[in-house]
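User: I am new to reading protein structures and would like a close look at one part. Could you walk me through the place where the ligand is held, and the empty space around there?

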Amino acid sequence: MYPDVWGREIDIKKEILKDFPILGRKIGGKRLIYLDSTATSQKPIQVLDVIYEFYSRSNSNVHRGIYKLSEESTEAYEKSREKIKKFIGARDKREIIFTRNATESLNLIAYSWGSQIIRKGDNILLTVMEHHSNLLPWRRIAREKKANIHYIGITKDGRLDLSELDNYSKLEPKILAITHVSNVLGTINPIKDLAKWIHDLGGFIVVDGAQSVPHMPVDVNDLDADFLVFSGHKMLGPTGIGVLYGKFEILDEMEPFLVGGEMISRVTLKDESWNELPWKFEAGTPNYVGAIALGMAIDYLNALGMDWVYNHERRLVRYALDKLLDVPGIKIYGPLDDRDRGGIISFTMDNVHPHDIATLLDEDGICIRSGHHCAQPLHDILGVPATARASFYIYNWEEDIDALTASLMKIHKLFAI
Ligand code: 7TS
């Protein structure tokens, strides 16, 4: 039992499951068990309703009309920005830029700011556990500017190898671009310590929060992150809406990424000047309905409380690690300690390809992802081309893990030599 926002005791499990219509679906006659929230989360009815309601009642473009509908749209859009600001502990709502997703946010930072501050011979520090989205934009800018890329490696148990930091200190990296939580290993990285480290060296930290912001309390001021990015669709929101947080003084100095409508202050036939923050970075008609629906997703998460979300997943991870380690032939990647691990478990099974695992689990209604999860360099280091990955969110419970374990036991028997 759990107190709801009004302090009533409710059965939280029933309440949550009732909010996700898709989870009532059957796959091949079996209950749908969704264990792929790292790729994208499911959406509660409250978020779906906002989208329908908004298009049915208030739809009109933002920041343009001076008629009632347009004022309503603009107000709802900007209110959502305010909610996001509070959710991640930003100081000023001008520090919140709406983008399409984490990938676009990272490209924006690398393209606009990276190209302003990176010079020939500079050092950019990444980690070997980055998603391609936090790897390729930096590699491109490094190639263009003739800068150097370096990678912090990992230990055998899938944590960052912090013993390498002394060597990197000597290089005085200008940027450390790092994921908060690995989408393969589940490792939660010590961002606060690393921010202090890079700031003491005169550099900046870009935090990929795609797998942290949906799952745990994140406070940009506490972390002292210069930038933080995340995607709405991984945190109960719709696709096509993402966020870029940046410290005001940095964003203010940055040149825009895309140019065109809405991001200007004045255009003549000869020259132009840019709009104020945050609109300088929001060229063209934004996904305002997506932003408003993301605001509702944040209301939903806030009603549960991010501490509850984090503790719920941590309990599931502990339970899953214990259960899965009992399946013969299974190898789990990443830390086996639930204290610094998010709700993501990648694994392989002797004699079975991860794609076969995913296909066979699908026959039991269980959705997991298999492949390299857009982290191919990390898989090279792990020495496997692919892994199977189960991941958890607020609508998963121990019975989902029991079902996963039972199916994996069956698969092991099928392939046992
Ligand atoms: N960074 C991390 C750490 C991610 O896990 C992902 C998506 C992204 C960035 C990119 O997010 P997007 O919304 O811009 O696509 N990760 C995954 C995954 O692990 N499986 O599917 C998408």
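Analyst: Happy to! Let's begin with the second largest pocket, keeping in mind that this is a predicted model. Lining this pocket are 23 residues, and those nearest its centre are His-131, Ser-133, Ala-210, Gln-211 and Lys-234. Sorted by class, the lining holds 12 polar, six nonpolar and five charged residues. The space in the second largest pocket comes to about 270 Å³. Where in the protein is it? Residues of the lining come from both domain 1 (9-43 + 305-415) and domain 2 (49-303), so the pocket lies between the two.

Now for the ligand, which sits in this second largest pocket. Around the ligand there is a shell of 17 residues, and the closest of them are Thr-103, Asp-208, Ser-231, Arg-369 and Arg-389. By class, this shell has 10 polar, four charged and three nonpolar residues. Domain 1 and domain 2 each give residues to the shell, so the ligand too lies between them.

Next, some individual contacts. The side chain of Gln-211 has an N or O atom 2.6 Å from an oxygen atom of the ligand. For Ser-231, an N or O atom of the side chain is likewise 2.6 Å from a ligand oxygen atom. With His-131, the partner is a nitrogen atom of the ligand, and a polar side-chain atom of His-131 lies 3.4 Å from it. How much of the ligand does the protein cover? On its own the ligand would expose 490 Å², and the protein buries 90% of that.

You also asked about empty space. Rolling a probe the size of a water molecule over the atoms shows where such space is left. Searching the whole structure turns up one cavity of 30 Å³ or more. The space in this largest cavity is about 90 Å³. Its lining has 14 residues, with Gln-211, His-215, Glu-313, Gly-342 and Gly-343 nearest the centre.

Gln-211 is a good residue to find on your screen: it is listed among those nearest the centre of the second largest pocket, its side chain has an atom 2.6 Å from a ligand oxygen, and it is also listed among those nearest the centre of the largest cavity.

Note on methods
Residues numbered from 1 in each chain as written. Predicted model: local features only at pLDDT ≥ 70, side-chain atom pairs only at ≥ 80, totals over all residues. Heavy atoms only, no water. Near = heavy atom within 4 Å. Polar contact = N/O pair within 3.5 Å; in protein donor to acceptor, adjacent residues only side chain to side chain. Areas by Shrake-Rupley, 256 points an atom, 1.4 Å probe, with all protein chains shown as cover. 1 Å grid on protein atoms, 1.4 Å probe; cavity = no way out; pocket = protein on both sides within 12 Å on 5 of 7 lines; lining within 4 Å. Sits in = over half its atoms within 2 Å of the grid points. Nonpolar A, V, L, I, M, F, W, Y, C, P; charged D, E, K, R; others polar. Domains from an automatic or database assignment. Points joined across faces, edges and corners; volume = space filled by probe spheres on them.
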